[in-house]
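Please work through the following exercises with the sequence and the structure at hand. Each task is followed by a solution in steps.

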Amino acid sequence: MGVLRLAQSLARVGRGLPILAAMSASRERLLSAFRKEFGRQPALVAEAPGRINLIGEHTDYNDGLVLPVAIDRTVAVAAAPGDGRYLRVLALDYNERDEFTLDDIACIRNGGWRSYVRGVFWALQDAGCEIPGADLAITGDVPQGAGLSSSAALEVAVAGALTALSGREVARRDLALLCRRAENDFAGVQSGIMDQFAAALSQPAQALFIDCRSLEVEYVPLPLEQEAVDIVAVDSGVARRLGDTPYNERRRECAEAAKFLAVASVTDANWEMLAAARPSLPERLFRRARHVISENKRVREAADSLRRADLTTLGALLRASHESLRDDFEVSTPELDLLVELAWSTEGVIGARLTGAGFGGCTVNLVHRAALSRFDRDVLLPYREQTGLSAASYACRPAAGLTVGHV
Ligand code: GLA
């Protein structure tokens, strides 16, 4: 399973910036850790990718538009049916374990990875999926706390493994919705659907244009090969966890703004409505709404520019998105601002902005391959010098969503 995809992806990524850990080696490590821990063979491996969002930030929970790309960094889960209703989970990268029974899936305060795994069991059961006991071993190379959606990759990989073990066919879309439920109602982060959809539904070499109200998706081909351009993630070195950030607060502010504007969600408002409401709308809410309305428009334009292979326009849209997230939505940080400013003034960089929720994490950069070493020299080095932080960069290859296969 997925081996061909992994081999192809490894063959393609050999050049440029430091990138993937060799997944075939980590697959071997996962299988042997499973055997050692549980004393038998796993039955299957499920693997789901992280994502980088090209554009469409803080729009998903406002019923708006997003344009993420799944990346060739994944969470892999080896699994076998367990003993009755008992669950045993090994998180290989932390050498940590969790055990619980399906009759008593308790929330853990600040449970980290355990909350997401338990949440998926809980959401599947709550949706009436009879899940048997299981043994799971988990590993991954999606950077954590970097805004590349390691938690959705974990949820979707676990859900893929469990439904496959139970012999159930659950549509990928429904699986993603269950995973969001785990995150919203069990782990307590009020995230939208973007990350789980990207982890479950992506196709190689395509961005995923998602209408988060209708939940319709459209695949938009990425003209990266013909344009010799890479998507580069730069980790600012400032870790964020959504549970600790004002993420849920932004969500509340958007709901408040929608109430003022008398619409179901801010996405339903237009410029005229916003202008008319301005005298009574608190300035902060006005700016939150302005971001969402303008960002939706940018996502549409970005998808169109990809279809025309017009990366220059896309680059300008990325910049406008960052400025709006910085000034109107106020989710940037001085470090993210510095990273994008350095990128904007570097020759060969087509566009750059913060990606994901903000408050730290990564920027997304579109960089001509010929300029990759200049990018290191003119963005990463000065950033490290000025902040004392160790920024890391990853060239992200657009990858497929969830794969599940027998061992
Ligand atoms: C996080 C959430 C997503 C989305 C982004 C911001 O990644 O998980 O649902 O809201 O932030 O665009």
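The exercises below concern a predicted model and proceed from its domains to single residues.

**Exercise 1. Domains**

Task: State into which domains the protein is divided, and how many residues each gives to the contact.

Solution.
Step 1. The assignment gives domain 1, made of 3–218 + 399–406, and domain 2, made of 222–396.
Step 2. The C-alpha centres of domain 1 and domain 2 are 25 Å apart.
Step 3. To the contact between them, domain 1 gives 43 residues and domain 2 gives 56 residues.

**Exercise 2. Nonpolar cores**

Task: Describe the largest nonpolar core and the second, separate core.

Solution.
Step 1. In soluble globular proteins, nonpolar side chains tend to be buried together.
Step 2. The largest nonpolar core here comprises 109 residues, and Leu 54, Leu 67 and Phe 121 have the most contacts inside it.
Step 3. Both domain 1 and domain 2 supply at least three residues to this core.
Step 4. A second core, separate from the largest one, has 18 residues, among them Val 234, Leu 372, Leu 380 and Ala 391.
Step 5. Beyond its neighbours within four places in sequence, Phe 121 contacts Leu 87, Phe 100, Leu 102, Ile 105, Ile 131, Leu 136 and Leu 162.

**Exercise 3. The surroundings of the ligand**

Task: Determine how many residues surround the ligand and which are the closest.

Solution.
Step 1. The ligand is surrounded by 13 residues, and the closest are Glu 57, His 58, Asp 60, Asp 195 and Tyr 247.
Step 2. For His 58, a polar backbone atom is 2.7 Å from an oxygen atom of the ligand.
Step 3. For Asp 195, a polar side-chain atom is 2.6 Å from an oxygen atom of the ligand.
Step 4. For Tyr 247, a polar side-chain atom is 2.5 Å from an oxygen atom of the ligand.

**Exercise 4. Ser 265**

Task: Decide whether Ser 265 is buried or exposed, and identify the polar partners of its side chain.

Solution.
Step 1. Ser 265 belongs to the loop between α8 (247–260) and α9 (271–277).
Step 2. Ser 265 has a relative accessible area of 5% and is therefore buried, as buried means under 20%.
Step 3. A polar atom of the Ser 265 side chain lies 3.1 Å from the backbone oxygen of Asn 62.
Step 4. The side chains of Ser 265 and Arg 213 form a polar contact of 3.4 Å.
Step 5. Leaving aside neighbours within four places in sequence, Ser 265 is in contact with Asn 62, Asp 63, Arg 213 and Ala 258.

**Exercise 5. Asp 378 and Ala 146**

Task: Classify Asp 378 and Ala 146 by accessibility, and list their contacts.

Solution.
Step 1. Asp 378 is part of helix α13 (residues 372–387), whereas Ala 146 is in the loop between β5 (134–140) and α4 (150–165).
Step 2. The relative accessibility of Asp 378 is 26%, so Asp 378 counts as partly exposed.
Step 3. The relative accessibility of Ala 146 is 1%, so Ala 146 counts as buried.
Step 4. Leaving aside neighbours within four places in sequence, Asp 378 is in contact with Leu 342 and Thr 346. The side chain of Asp 378 also has a polar contact of 2.9 Å with the side chain of Arg 377.
Step 5. Not counting residues up to four places away in sequence, Ala 146 touches Asp 235, Arg 240, Gly 361 and Cys 362.

Methods. Residues are numbered from 1 along each chain as its sequence is written. This is a predicted model: local features need pLDDT of at least 70, side-chain atom pairs count only at pLDDT 80 or more; totals for chains, interfaces and linings use all residues. Side-chain values use heavy atoms; hydrogens and water are left out. A nonpolar core is a set of buried Ala, Val, Leu, Ile, Met, Phe, Trp, Tyr and Cys residues joined through side-chain atoms within 4.5 Å. Buried means under 20% relative accessible area, exposed over 50%, partly exposed in between (1.4 Å probe, protein chains only). Domain bounds come from an automatic or database domain assignment. Contact means heavy atoms within 4.5 Å. Helices (H or I, at least four residues) and strands (E, at least two) are DSSP runs, numbered from the N terminus. A polar contact is a pair of N or O atoms within 3.5 Å; within protein, one must be able to donate a hydrogen and the other to accept it, and residues adjacent in sequence count only if both atoms are side-chain atoms. A residue is near a molecule or strand if one of its heavy atoms lies within 4 Å of it.
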